[in-house]
Amino acid sequence: MFESGRFAGAQKAEHIATDLRRRIARGDYPAGGRIPTRAELCATYDVSNATLQRALNWLIQEGFVICRGRSGTFVRTDSPHLTQYALIFPLPFPNGNPTHGFFRALRLEAEQLEGPATFRIIDGFTGSGGMLDYQELLDDVRNNRLAGLIFAAAPTYFIGSPLLAQDGVPCTAIMAPGHTQQMPAVTMDEHDLVMRMADYLRDHGRHRTLVLVNSGSQPSDAGPLREILASRGLKAGPHDIVGVSLQEPGWTEAIVVQHFDRPAGQRADAMIVLDDAVLPDAVRGLATLGLRVPSDVLVVAASWFPWPVPAASPVTRFGFSVPDILKLCMETIDGSRQGKAPPAVQRIAACPEPPHDGPVTPTA
């Protein structure tokens, strides 16, 4: 109970709203259920009806409760603590458009998803010192305005921060296993992806491939990648696994021209592109040399369905279902909120491009 006269009206209302949010999130007042009457709440908090109304107005505006006249005030079934997720990206979006193919697809999927779930999209997090709306995000977490936090990559900069120190805030991250033990990981099975690509190239009689990887990848990743290709009879020489910048994809065309500008018997007969964000420039490099896809060079690209990046030449795509990834992240958070211990790692298997009717990918 708040002592009468201890706080000004606005401060009292704020504390009442905070307490009611906490009780709603804790399940004291379940979704769809009625909260105590105004008279009961005024007595509980020892405030006037006007102060209580101010607190309820905040909760109504935030989407926690709905007033149904004389029937009472009820917790909404789409309350933010059940349906609003923060989707946090590690890189800023130049001109509002992610350069990373997966981030682009994840943002598009979150923006168009139908249903009660909504996403607050935040880009460019580098910890509390590098994100302008960090304090606002922390305030939302502390006030139960979010169902949970979904990190689009390992939350390296947030480890040990007040944001992750909040008890009861479910989190998950789309990341490789081992980055942090602080939250469950949803990870894309990249080994499975490369195996499917290599099998496809082998089955189509290809022998040597250029592999374009994200320049942010570790050089040590080249060894295991080369081993997978070799197990399928594909050669990728010391200079055939090349890092390309997702922030400066224009360089990709020059790299492809340099690698394929040689006689047919001395150049690769296939190309693997591990992020289709650079695919348009990669196939443009082949076109610059007059090489045809797929007869001269068979191109296989990693994509994120149903949002692949368009390419001017016919390419074969393998990748991951973004709706499945996002759904698994939400299910992990929802289960945590219900007291279920999530697995430390949940893997999403790779898949070939699914059939679809009509265009599914905007060019912007």
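Author: The expected span of a helix is 1.5 Å times one less than its number of residues. That rule gives us a check on helix H3 in this predicted model.

Reader: What makes the span of helix H3 agree with the expected one?

Author: H3 covers residues 49-62, which is 14 residues. The rule asks for 20 Å. The end C-alpha atoms of H3 are 20 Å apart, so the two values agree.

Reader: Which residues of H3 are buried?

Author: Thr51, Leu52, Ala55, Leu56 and Leu59 are.

Reader: How do you know that they share a side of H3?

Author: Look at the arc around the helix axis. The buried residues cover only 135° of it, which puts them on the same side of H3. On the other side, Ala50 and Gln61 are exposed.

Reader: What do the buried residues of H3 pack against?

Author: They pack against H1, helix H2 (38-45) and strand E1 (65-67). Contact here means heavy atoms within 4.5 Å.

Reader: What follows H3?

Author: Glycine 63 does. Its phi is positive, near 90°.

Reader: Let us turn to H2. Which of its residues are buried, and which are exposed?

Author: Leu41, Cys42 and Tyr45 are the buried ones. Their arc around the axis is only 100°, so they lie on the same side of H2. Ala39 and Ala43 are exposed on the other side. The cover over the buried residues of H2 includes H1 and H3. After H2 comes aspartate 46, with a positive phi near 55°.

Reader: Why is the contact between aspartate 19 and arginine 22 called a salt bridge?

Author: The cut-off is 4 Å, from a side-chain nitrogen of Lys or Arg to a carboxyl oxygen of Asp or Glu. The closest N and O atoms of aspartate 19 and arginine 22 are 2.3 Å apart. That is within 4 Å, so the pair counts.

Reader: What can bring such side chains together?

Author: Side chains of opposite charge can pair when their charged atoms come close.

Reader: Where do aspartate 19 and arginine 22 sit along the chain?

Author: Both belong to helix H1 (residues 9-26). They are three residues apart, which means about one helical turn between them.

Reader: Why is aspartate 19 called buried?

Author: Buried means under 20% relative accessible area. Aspartate 19 has 13%, so it counts as buried. Arginine 22 has 36% and is therefore partly exposed.

Reader: What makes arginine 107 and glutamate 111 a salt bridge?

Author: Their closest N and O atoms are 3.6 Å apart. The limit is 4 Å, so this pair counts as well. The two residues are four apart in helix H5 (residues 101-112), about one helical turn. Arginine 107 is buried, at 13% relative accessibility.

Reader: How far apart are the closest N and O atoms of arginine 337 and aspartate 334?

Author: They are 3.2 Å apart, and the pair forms a salt bridge. Both residues lie in helix H11 (residues 322-337), three residues apart, about one turn of the helix. Arginine 337 is partly exposed, with 27% relative accessible area.

Reader: Which residues do shared salt-bridge partners join into one network?

Author: Arg21, Glu62, Arg120, Glu136, Asp139, Asp140 and Arg145.

Reader: How many salt bridges does the whole structure have?

Author: The search finds 22.

Reader: How many aromatic pairs does the structure hold?

Author: It holds eight. One of them joins phenylalanine 89 and phenylalanine 103.

Reader: Why is that pair called edge-to-face?

Author: Ring centres must lie within 6.5 Å to pair, and planes over 60 degrees apart count as edge-to-face. Here the centres are 5.5 Å apart and the planes stand at 80°. Both values meet the cut-offs, so the name fits.

Reader: What does this pair tie together?

Author: Phenylalanine 89 lies in the loop between strand E3 (84-88) and H5, and phenylalanine 103 in helix H5, so the pair links parts 14 residues apart in sequence. Both phenylalanines are buried. They belong to one aromatic cluster with Phe93, Phe102 and Trp304.

Reader: Why is histidine 259 called buried?

Author: Its relative accessibility is 16%. The cut-off is 20%, so histidine 259 falls under it. It lies in helix H9 (residues 250-260). Leaving aside residues up to four places away in sequence, histidine 259 touches Leu210, His239, Asp240, Val242 and Arg267.

Reader: What share of the protein chain is buried?

Author: Buried residues make up 48% of its 364 residues. The chain has eleven helices and 14 strands.

Definitions and conventions:
Residues numbered from 1 in each chain as written. Predicted model: local features only at pLDDT ≥ 70, side-chain atom pairs only at ≥ 80, totals over all residues. Heavy atoms only, no water. Buried < 20%, exposed > 50% of the residue type's maximum accessible area, 1.4 Å probe, protein only. Arc of directions from axis to C-beta. Phe/Tyr/Trp six-rings, centres within 6.5 Å; stacked < 30°, edge-to-face > 60°.
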